[in-house]
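Visitor: I should like to learn how to read a few features of a protein model. May we go through them one at a time?

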Amino acid sequence: MAIRTVRELGDPILRKRSKEVTEITEKIEILVEDMIDTMYEYDGVGLAAPQVGVLRRIFVMDVGEGPIVMINPEILETSGEQSGDEGCLSVPQKAGLVTRPNYVKVKAYDLDMQPFVLEGEELFARCVCHEYDHLDGIIYVDKVEGELKTTIVEEGQE
């Protein structure tokens, strides 16, 4: 397991569309482990493969119930609306108001390439939509309503 470098806004890889995963290789398994470790190291709730420089349709997330791995995710359904401040590991110390669906139903594959469907609301829905956007080269700053705000991290509270 390794902590990978998180690519930041301005890195051209963040604007490219990711390719589907066709088989689970040892390289993919290591990537997923590293992504989970990196997400936790940086106190994120989600991380997409392009954010660590890999153009594959994979993201990981943890909204409080343990890590979820989504390979080749496909959003099946959304409804409702929620607006709130959103941040991103690729845009450090910034946040902005983004409106997203309040409910999402997503189909994806696990590390055994077995399909599964999950659905959720609020933070789960926001996180799925945010990470899914990364797979298509979209960054939340593209959707911010108004100005980006600087988030101040108090010393000793990182």
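Visitor: Where is Glu122 found?

Guide: This is a predicted model. In it, Glu122 belongs to the loop between S7 and helix H2, the latter covering 123–135. Although Glu122 is not a glycine, its phi is positive, at about 50°.

Visitor: Which other residue, not a glycine, has a positive phi, and where does it lie?

Guide: Met113 has a phi near 60°, a positive value, and is likewise a residue other than glycine. Met113 sits in the loop that joins strand S6 (103–109) to strand S7 (115–121).

Visitor: How is the exposure of Met113 to be classed?

Guide: One compares the relative accessible area with two cut-offs: under 20% is buried, over 50% is exposed, and values in between are partly exposed. Met113 has 24%, and therefore it is partly exposed.

Visitor: How does Lys27 count by this reading?

Guide: Lys27 counts as exposed because its relative accessibility is 67%. Lys27 lies in helix H1, residues 26–41. Together with Lys16, Lys19 and Arg56, Lys27 forms a positive surface patch.

Visitor: Let us turn to the interior. Which residues of the largest nonpolar core touch the most other members?

Guide: A core of this kind is a set of buried residues joined through side-chain atoms. The largest one here has 16 residues, and Leu31, Val32, Met35, Leu47, Ile58, Val60 and Val69 touch the most other members. Two or more residues come from each of H1, strand S2 (58–61) and strand S3 (68–79).

Visitor: Which element gives the most to this core?

Guide: H1 does, with six residues.

Key:
Residues are numbered from 1 along each chain as its sequence is written. This is a predicted model: local features need pLDDT of at least 70, side-chain atom pairs count only at pLDDT 80 or more; totals for chains, interfaces and linings use all residues. Side-chain values use heavy atoms; hydrogens and water are left out. Helices (H or I, at least four residues) and strands (E, at least two) are DSSP runs, numbered from the N terminus. Buried means under 20% relative accessible area, exposed over 50%, partly exposed in between (1.4 Å probe, protein chains only). Patches are made of residues with over 30% relative accessible area and no salt bridge: like charges are joined within 9 Å, nonpolar side chains (Val, Leu, Ile, Met, Phe, Trp, Tyr) within 5 Å. Accessible areas come from the Shrake-Rupley method with a 1.4 Å probe; for residues, only the protein chains shown count as cover. A salt bridge is a side-chain nitrogen of Lys or Arg within 4 Å of a carboxyl oxygen of Asp or Glu. Lys and Arg count as positive and Asp and Glu as negative; His and the chain ends are not counted. The place of a charge is taken as NZ of Lys, CZ of Arg, CG of Asp or CD of Glu. A nonpolar core is a set of buried Ala, Val, Leu, Ile, Met, Phe, Trp, Tyr and Cys residues joined through side-chain atoms within 4.5 Å.
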